[in-house]
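Reader: Please take me on a close tour of the inside of this protein, and of what sits around it. I work at the bench, so plain words are welcome.

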Amino acid sequence: MLEVRDLHVEFRTRDGVAKAVNGVSCSVDAGETLAVLGESGSGKSVTAQAVMGILDSPPGRVTGGQVLFRGQDLLTMGAEHRRRLRGDRLAMIFQDALSALNPVLTVGAQLAEMYEVHQGMTRRDARARAVALMDRVRIPAAKDRAGDYPHQFSGGMRQRIMIAMALALEPDLIIADEPTTALDVTVQAQVMDLLAELQREFTMGLILITHDLGVVADVADRIAVMYAGRVVENAPVRDLYAAPAHPYTQGLLESVPRLDRKGRELHAIKGLPPSLVDIPPGCPFHPRCPRARDVCRTDRPPLFPVAPGRSSACHFWQETLDAGRGGS
Ligand code: SF4
Ligand code: MG
């Protein structure tokens, strides 16, 4: 349904040109959840913004690639057509609901407006739909609360309202950028469960952008791991958890607590992600990689096919995979 091909995005910064996205390819089918995982600065949010056409914080620009939505390139189609698709068929959920919602409109009015503007409903019908939707995302006493303003809701409830806004027009695809990061842990789980449930119910595609591997295990079908503006591993979630095929993924897995590997020590990945103005030659992960060898410092690894539906941008993906299977 959505296919990103060889996307490149650059930003001009004080220190030079930041290569935020360097040839990202990924796809998501109807009814599928793709998690895009990476540290901050890995290019995951910028990729999403390029897809949604909201790379507005100038001077970021797409310098190459395609974003195909049902076979049509969002980057080159006419502005009106693109605006309509992005309004009705694609929706986005942000980390910070408070700044994404209109502070001076009640949440009921904001939701109702979607139905009035996009579906030509009467105000009365639109209001009724808005309340039904608030109820569907489990906002208690939805009818009464429709008259409240965004700041009158808790963080978790506001995020439910964001989900309702995104769902209102029954889009084909939702992109959720760190939708639960600002919430405390129990509320995070509730909101994530709700999102997963609605995604199944509406058979939407969902792209879930997160830095938190713990969040994605239960909800994602596939994971694309990003590093320095590239996808370094792309795999079905179960395969990736069973044995990562990239040392960076392996490092991420070793740094989160896992129920199935109780008693193991947690190791944070040493060092910091590179500056996007000055990405290391060869494999961008080599300065931090415990498996790095000479070839890694000179030759940039392409995405090697590892198995059907699985790829890794590591020269030594096979030994990484074997080590993971052997439990080391
Ligand atoms: Fe590590 Fe080399 Fe693989 Fe890069 S290519 S992840 S440096 S082993
Ligand atoms: Mg981000």
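Author: Happy to. A residue is called buried if 20 or more other C-beta atoms lie within 10 Å of its own, and exposed if there are 12 or fewer. By that rule, buried residues make up 40% of the 328 residues in the protein. Please keep in mind that this is a predicted model.

Let's begin with the whole, to see where the inside lies. The secondary structure comes to 13 helices and 12 strands. The C-alpha atoms fill a box of roughly 70 × 50 × 40 Å along the principal axes. The radius of gyration is 21 Å, which agrees with the value near 20 Å that a compact globule of 328 residues would have. Of the contacts between residues at least 6 apart in sequence, 63% join residues at least 24 apart.

The protein is divided into domain 1, made of 2-89 + 194-325, and domain 2, made of 97-170. Their centres, taken over C-alpha atoms, are separated by 32 Å. At the contact between them, 6 residues of domain 1 meet 8 residues of domain 2. On the domain 1 side, helix 2 (79-88) and helix 8 (185-201) are the elements that give two or more residues. Helix 8 gives the most, with 3 residues. By type, this side of domain 1 divides into 4 nonpolar residues, 1 polar and 1 charged.

Now for the inside itself. The largest nonpolar core holds 87 residues, and those that touch the most other members are Leu 111, Ala 164, Ala 166, Ile 174, Ile 207, Ile 223 and Val 225. Helix 7 (residues 155-167) gives the most to this core, with 8 residues. The core lies between the two domains, because domain 1 and domain 2 both give residues to it.

Two residues make good places to pause. On helix 7 you will find Met 157, which counts as buried because 22 C-beta neighbours lie inside 10 Å. The C-alpha atom of Met 157 is separated by 35 Å from that of Tyr 248, a residue 91 places away along the chain. The other is Val 225, one of the core members with the most links. Leaving aside neighbours within four places in sequence, Val 225 is in contact with Leu 37, Gly 38, Val 231, Val 232, Glu 233, His 246, Tyr 248 and Thr 249.

Tyr 248 and Thr 249, both on that list, lead us to helix 11. Here Pro 247, Tyr 248, Thr 249, Gln 250 and Leu 252 are buried. These buried residues pack against helix 9 (213-216), strand 9, strand 10, helix 10 (237-242) and helix 13 (317-325).

Two of these partners, strand 9 (222-227) and strand 10 (230-236), are joined by a loop that holds Ala 228. Ala 228 has a positive phi near 50 degrees although it is not glycine, and counts as buried because 24 C-beta neighbours lie inside 10 Å. Arg 70 also has a positive phi, about 50 degrees, without being a glycine. Arg 70 sits in the loop between strand 4 (61-69) and strand 5 (72-73). Its setting is exposed, since 12 other C-beta atoms lie within 10 Å. As background, most residues other than glycine have a negative phi.

Back at helix 11, the loop that runs between helix 11 (247-254) and helix 12 (294-298) contains Phe 285. With 26 C-beta neighbours inside 10 Å, Phe 285 is therefore buried. Not counting residues up to four places away in sequence, Phe 285 touches Tyr 227, Val 232, Pro 247 and Tyr 248. Val 232 and Tyr 248 are also among the contacts of Val 225. In the other direction, the C-alpha atoms of Phe 285 and Val 191 are separated by 33 Å, with their places 94 residues apart along the chain.

The last stop is ligand 1. It is surrounded by 13 residues, and the closest are Cys 283, His 286, Cys 289, Cys 296 and Cys 314. The shell around ligand 1 divides into 9 nonpolar residues, 3 polar and 1 charged.

Terms used:
Residues numbered from 1 in each chain as written. Chains lettered and ligands numbered in written order. Predicted model: local features only at pLDDT ≥ 70, side-chain atom pairs only at ≥ 80, totals over all residues. Near = placed C-beta within 6 Å. Nonpolar A, V, L, I, M, F, W, Y, C, P; charged D, E, K, R; others polar. Domains from an automatic or database assignment. Contact = placed C-beta atoms within 7 Å. Helix = DSSP H or I, 4+ residues; strand = E, 2+ residues; numbered from the N terminus. Rg over C-alpha atoms; globule rule 2.2 N^0.38 Å. Core = buried A, V, L, I, M, F, W, Y, C linked by C-beta atoms within 7 Å.
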